[in-house]
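Grab a pencil and open the viewer: here are a few exercises, each with a worked solution. Try each task yourself before you read on.

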Amino acid sequence: MAECGASGSGSSGDSLDKSITLPPDEIFRNLENAKRFAIDIGGSLTKLAYYSTVQHKVAKVRSFDHSGKDTERDHEPPYEISVQEEITARLHFIKFENTYIEACLDFIKDHLVNTETKVIQATGGGAYKFKDLIEEKLRLKVDKEDVMTCLIKGCNFVLKNIPHEAFVYQKDSDPEFRFQTNHPHIFPYLLVNIGSGVSIVKVETEDRFEWVGGSSIGGGTFWGLGALLTKTKKFDELLHLASRGQHSNVDMLVRDVYGGAHQTLGLSGNLIASSFGKSATADQEFSKEDMAKSLLHMISNDIGQLACLHARLHSLDRVYFGGFFIRGHPVTMRTITYSINFFSKGEVQALFLRHEGYLGAIGAFLKGAEQDNPNQYSWGENYAGSSGLMSTSPELGPAQRARSGTFDLLEMDRLERPLVNLPLLLDPPSYVPDTVDLTDDALARKYWLTCFEEALDGVVKRAVASQPDSVDAAERAEKFRQKYWNKLQTLRQQPFAYGTLTVRSLLDTREHCLNEFNFPDPYSKVKQRENGVALRCFPGVVRSLDTLGWEERQLALVKGLLAGNVFDWGAKAVSDVLESDPYFGFEEAKRKLQDNSGIDIILGVFPFVRELLLRGTEVILACNSGPALNDVTHGESLIVAERIAGMDPVVHSALREERLLLVQTGSSSPCLDLSRLDKGLAALVRERGADLVVIEGMGRAVHTNYHAALCCESLKLAVIKNAWLAERLGGRLFSVIFKYEVPAE
Amino acid sequence: EPLRRRASSASVPAVGASVEGARRDRLGSYSGPTSVSRQRVESLRKKRPLFPWFGLDIGGTLVKLVYFEPKDITAEEEEEEVESLKSIRKYLTSNVAYGSTGIRDVHLELKDLTLCGRKGNLHFIRFPTHDMPAFIQMGRDKNFSSLHTVFCATGGGAYKFEQDFLTIGDLQLCKLDELDCLIKGILYIDSVGFNGRSQCYYFENPADSEKCQKLPFDLKNPYPLLLVNIGSGVSILAVYSKDNYKRVTGTSLGGGTFFGLCCLLTGCTTFEEALEMASRGDSTKVDKLVRDIYGGDYERFGLPGWAVASSFGNMMSKEKREAVSKEDLARATLITITNNIGSIARMCALNENINQVVFVGNFLRINTIAMRLLAYALDYWSKGQLKALFSEHEGYFGAVGALLELLKIP
């Protein structure tokens, strides 16, 4: 979380303070390449959006020219690695207090190099107020965009592109957030925006939405009426008052009307019969806290009731709530949730959004970027560059919560290719990739966070070693360590910060942090060396397999597949052995038995693929699009396949006849989310009518997809390279998972 | 078709077979001899309870009492009449106010009513619920229990005060379901009319103070009907026939909220005072209107500039808080609560597919501002599909229903 230097700025008042120094390293990153700007100015917070390009290093593999095959020596690597600069697109969103607007605009003006930018999209109630200031400072023309249109565009965008965007709020569970898996079909839904008033919008498609109703009793009523009743001026303070009050002192409850008889009548005595019903008396004083609480209940219940009536009228069960009344305030999320549950009798779910505060800015940005077609791409939340959801414990006072003075960030990377569901998922809406929810499971969470902390030294060492020619590798690696360490500490405090915490999200966060500091593929050299060794072993392995009888061979193939999987630098138990014993080899791994590059792909996967090809099965071999640990990438797999084809006629002809197809998964993670797969892979699966899915590796078959239900046969294979997990699953270290599933008829 | 539930009651057996559709029994009439046969009169005489005839509705804020004063008492009957009964009759009919808070709504009195074969006047009396102990004490002082009368009571207070009636007043309450009583009362009162005039009415041109007219409405086809009872809180019922109805929903933002907030914001002490202040105030100083935000109509959503965008929204600003009067605040409170009830009622009507909405309850007493606003809001937001109806005896239907139960009038 990027805290701004000026702390406690909640008291800095409304004046624009020019003396504020901004921490530019952290908050306006990539500004020099920024080209599209959008701004959403609300009542107290400004959200700035811009599109920029990020230049970072990527490790590319390239095959040597093999025209003179005999020149190849044993010690030569099988392919060359070159580090190239790659430019990718990134969306930056920054949220800060309106107090900082002028300082921020000055900063942008000073750092904005791109002179092509002429227009800034602006939305929000404050857009009008600050129009002149923006035009003067940035010399950009302000284009005003409709608030609700922006909000809905933004909402559609986050629902489609950010996993675990939506959550339900449960007051008594720890943590209080329960994230929803992304629904493949986000429409139709109801958006209830609680600003000063309430707007209820039915959203049917990307471009079609309709204002179905509203109410004047909203956040402004709470604030305005609350200020009159309690003489408390600030919204946050009113909420804080409310969280300490007793509404039953002010409200007339059912039990006040019925006496004790409500029980025999089956009525809940605590229901409010008449809000403020007890204050109709001249001879009693009421406490500020009690009145604020009563007001909060009155307004939340009323909004919840109207939302339910609209949901019912339009037969909708998904209702998203946003607006400043909700914005991360546990008190209001709680009362709204209660109200929705009460009035809908559980039929409607009150959903909240992690990036609710950014919807307007995202929408305004998308409006301005329509010619770039941002909706045709898939986007991914960059965990390294995003602040995550704040701790919003109701016990903290508004000052302690330090919502103000904080620059909150969201960064989204544009993915090169669109991501879609695996067509073979049995029930896409209910698919949950992750096996263990660490948000939920405190014991597992503690274990894994510690595990990642302990592994950090090794990762840093590996990162430095991967770039021996770089002068600043050590320095960057240290920055990486700091960043990832801080993320882990944040997650210890706020496991819900980036949605459901899982082993996958911890791994992905580490990859994002590594990329951030230009360590795109710390294992590229290791993989290169291992691939070289493995390729030389391949003919021997295949020869010995071919001497076996059918049954023996199948067993040996599976053993090979699993043996290869032992070589996992991500697993601490393995990396300890590998670091200490460079001669630890395939035979040893096979003896230890109980997807990675090198040995895994070449000596494990390819013989298995070859067997399938021999029996006439078509094979789609999907590998990661980008690097993650020592997992083989699509690029590497192409070279490896080419080299194997040179040695093996079976693979050779299969490649030529397109019975063996090598594609990318769309993932750059050691885990796999089958709801976010490369569109090309999905198309191929459909086209070829795939009827067996083999998922290999601990990350893809155990941490994720262990429970994934497919509508065809599937085989999940992995070696449990973690003692704790092995114990959890009822086995021992290096136990084997070999899970063959046939879908129920 | 919406799920309908058969009316049920907590303490009274369900009423006999329902008469679906438009046919309604005329149980009494305001003028002349009725068509009730002689035989029926005889059987009524045997079944009818002893005087006095009361119906009581004890709400969260107000107690509503209806009293039938027989006008056809024969000399011999008068002779037999016990002293305490006579004194009650005299006390109730010769006064228009009781103690410091009890009031008889003389203008609502229904004259020459025939009930169970007896002719008389129906009186409507109200007093605050917090004076209930004094009322019970009075019953004790006047020795009510010696009359062997049955007290039929409805409303939450029938439960809350049951024990007090018994221990202090030596009176056994017959507790009745409030929604049953409400519907019964409305249908009955509408059928007898209002001393020759229509009971039910609506507003034409409600938004225009010059052209606004209160006009009688003939509720000859009452079903289906959305009934919105605005007391301290609000109950909304969908009524499909005399004894087929369901409670659709309710809201805690009702008359009690209006009055309670007014007390806190303006220091007023009576409902009348609150309304009087509201009549002189300007809510647009307190509320943020659509035009305050968008400079005019919000065309993207078809919202008119005059619509309230945020109730009390202007009060977020310190300057504006300092610039408003108590009258403005009272008016804004009234507008806020009324608009909200209108909006919930409209949504219920849509969900239940009903287009006549009858608003009753004491919140509407002497509250033309609220009634006209409800009439206008319902018409405007439904594009003329919904009609807001009102009834002269606003808050007394529960009490009337209780009286009908006493008389076993189906």
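A salt bridge is a side-chain nitrogen of Lys or Arg within 4 Å of a carboxyl oxygen of Asp or Glu. Before you start: this is a predicted model, where local features need pLDDT of at least 70 and side-chain atom pairs count only at pLDDT 80 or more, while totals for chains, interfaces and linings use all residues. Residues are numbered from 1 along each chain as its sequence is written, chains are lettered from A and ligands numbered from 1 in the order in which they are written, and side-chain values use heavy atoms, with hydrogens and water left out.

**Exercise 1.** Find which residue of chain A forms a salt bridge with E352(B).

*Solution.* Step one: check how many to look for; the rule finds 1 salt bridge across the interface of chain B and chain A. Step two: go to E352(B), whose partner is R312(A), with the closest N and O atoms 3.5 Å apart.

**Exercise 2.** Describe the contact between chain B and chain A.

*Solution.* Start by counting: 50 residues of chain A and 49 residues of chain B take part, where contact means heavy atoms within 4.5 Å. Next comes the area: the two chains bury about 4,100 Å² between them, with 67% of it on carbon and sulfur atoms. That buried area is the accessible area (1.4 Å probe) that two parts lose on being put together, summed over both.

**Exercise 3.** Work out which residues F359(B) touches, leaving out those up to four places away in sequence.

*Solution.* First, place F359(B): in the largest nonpolar core, of 100 residues, F359(B) is one of those that touch the most other members. Such a core is a set of buried (under 20% relative accessible area, 1.4 Å probe, protein chains only) Ala, Val, Leu, Ile, Met, Phe, Trp, Tyr and Cys residues joined through side-chain atoms within 4.5 Å. Now list neighbours of F359(B): among them are V228(B), I230(B), L364(B) and F390(B).

**Exercise 4.** What are the buried residues of helix α21 of chain A, and what do they pack against?

*Solution.* Helices (H or I, at least four residues) and strands (E, at least two) are DSSP runs, numbered from the N terminus. Walk along residues 649-656 and you'll meet V650(A), V651(A), S653(A) and A654(A) as the buried ones. They pack against α19, α20 and β19 of chain A. Finally, look at what follows: just after α21(A), E658(A) takes a positive phi of about 60°.

Notes. Buried means under 20% relative accessible area, exposed over 50%, partly exposed in between (1.4 Å probe, protein chains only).
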